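Reader: I'm new to this structure and would love a close look at one part of it. Could you take me through the place where the ligand sits, and then show me what else is worth seeing from there?

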Amino acid sequence: MIKDNLEHIQKTIPEHVTLIAVSKTKPQGDILEAYKAGHRHFGENKVQEMVDKFDDLPKDIKWHMIGHLQRNKVKYMVHFVHLIHGVDSLKTLKEINKQAEKHNRVIQCLLQAKIAEEDSKFGLSFSDIESILSGEEISNFKNIAIVGLMGMATFTDDESQIEREFSSLKNAFDRLQQKHDSLEILSMGMSGDYKIAIENGSTMVRIGSSIFGKRNYQ
Ligand SMILES: *Cc1c(COP(=O)(O)O)cnc(C)c1O
């Protein structure tokens, strides 16, 4: 099942788009099934759950932290995390840099932009992103690399709204990229909206339920 879902989705996305299989709440057996089918990029939204899975599963898995990050949890994952998607403050960047330094790593981060209408979604405004990228402080953070932006669209059936939100992020990304050439990743798109995201320039999609089935939150 999982293998078939993966293959099916992989066929519908262009080669330059990286597929992150979002395995949050799913058992390790499900991840192994995807792993055996050749998949290596997995996404989790809780640090403790990701740490447990990292400890038990093959070490060539690339772990993506896609959830909202609490600063006090950063230290538990800096030794292995591949990419942190949801960074939305300078304070968090500072903490990632500090912890990464202890492990002699440079950690790749994406800044999360708030593009959705919903108040529940985290993220920075485009002007805040601009200030962080151009600010002095960031140049002192030797152990992080800001390699792109991430965003989540509003949860709605209105495709034109989703399209508007993704294209606003793509426009900001293109504009920022002219000054900041370290930006190369645009992480946007989930099971319900990844096709619209790709049409609007996404280079990384985060897909959970279409691969692993519905999540069961208890
Ligand atoms: C859960 C989650 C996803 C995947 O959602 P699906 O709708 O199951 O594909 C993608 N991105 C983030 C940030 C998530 O928390």
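Author: Start with Arg215: an N or O atom in its side chain is 2.7 Å from an oxygen atom of the ligand. Keep in mind as you look that this is a predicted model. Two further polar approaches come from the backbone: a polar backbone atom of Gly208 is 2.8 Å from a ligand oxygen, and a polar backbone atom of Ser209 is likewise 2.8 Å from an oxygen atom of the ligand. On its own, the ligand has 390 Å² of accessible area, and the protein covers 90% of that.

Now widen the view a little. The residues around the ligand include Val22, Lys24, Ile66, Met150, Met152, Met190 and Ser191. Arg206 and Ile207 belong to these surroundings too, along with Gly208, Ser209 and Arg215.

Arg206 deserves a pause of its own. You will find Arg206 in strand β8, which covers residues 204–207. Arg206 is buried, yet it has no salt bridge. The nearest side chain of opposite charge belongs to Asp193, and that is 6.6 Å away, whereas a salt bridge needs the nitrogen and the carboxyl oxygen within 4 Å. What the side chain of Arg206 does have is a polar contact of 2.9 Å with the side chain of Ser187. Setting aside neighbours within four places in sequence, the contacts of Arg206 include Ile20, Val22, Ile66 and His85. Further contacts are Met150, Gly151 and Met152, as well as the run of Ser187, Met188, Gly189, Met190 and Ser191.

From Arg206, which lacks a salt bridge, we can turn to residues that have one. Side chains of opposite charge can pair when their charged atoms come close. The structure holds seven salt bridges, and a few of them are easy to follow.

One joins the side chains of Glu49 and Lys53, with N to O at 2.8 Å. Both residues sit in helix α3 (residues 47–56), four residues apart, which is about one turn of the helix. Lys53 is buried, because its relative accessible area is 4% and the limit for that word is under 20%.

Another salt bridge pairs Arg175 with Glu130, the closest N and O atoms being 3.8 Å apart. Arg175 is in helix α7 (residues 159–179) and Glu130 in helix α5 (residues 126–134), so this pair ties together parts that are 45 residues apart in sequence. With a relative accessible area of 46%, Arg175 is partly exposed.

Glu130 also meets the side chain of Lys179 in a salt bridge, at 3.1 Å from N to O. Here again distant parts of the chain are linked, with Glu130 in helix α5 and Lys179 in helix α7, 49 residues apart. Lys179 counts as exposed, at 60% relative accessibility. Elsewhere, salt bridges that share partners join Glu44, Glu49 and Lys53 into one network.

One last stop is Asn143, in the loop between α6 (136–139) and β6 (144–151). Asn143 counts as buried, because its relative accessibility is 11%. Leaving out residues up to four places away in sequence, Asn143 touches Asn97, Ala100, Glu101, Asn104, Arg105, Val106 and Ile107. Gln108 is 35 residues from Asn143 along the chain, and the C-alpha atoms of the two are separated by 8.8 Å.

Terms used: Residues are numbered from 1 along each chain as its sequence is written. This is a predicted model: local features need pLDDT of at least 70, side-chain atom pairs count only at pLDDT 80 or more; totals for chains, interfaces and linings use all residues. Side-chain values use heavy atoms; hydrogens and water are left out. Helices (H or I, at least four residues) and strands (E, at least two) are DSSP runs, numbered from the N terminus. Buried means under 20% relative accessible area, exposed over 50%, partly exposed in between (1.4 Å probe, protein chains only). Lys and Arg count as positive and Asp and Glu as negative; His and the chain ends are not counted. A polar contact is a pair of N or O atoms within 3.5 Å; within protein, one must be able to donate a hydrogen and the other to accept it, and residues adjacent in sequence count only if both atoms are side-chain atoms. Contact means heavy atoms within 4.5 Å. A residue is near a molecule or strand if one of its heavy atoms lies within 4 Å of it. Accessible areas come from the Shrake-Rupley method with a 1.4 Å probe; for residues, only the protein chains shown count as cover.
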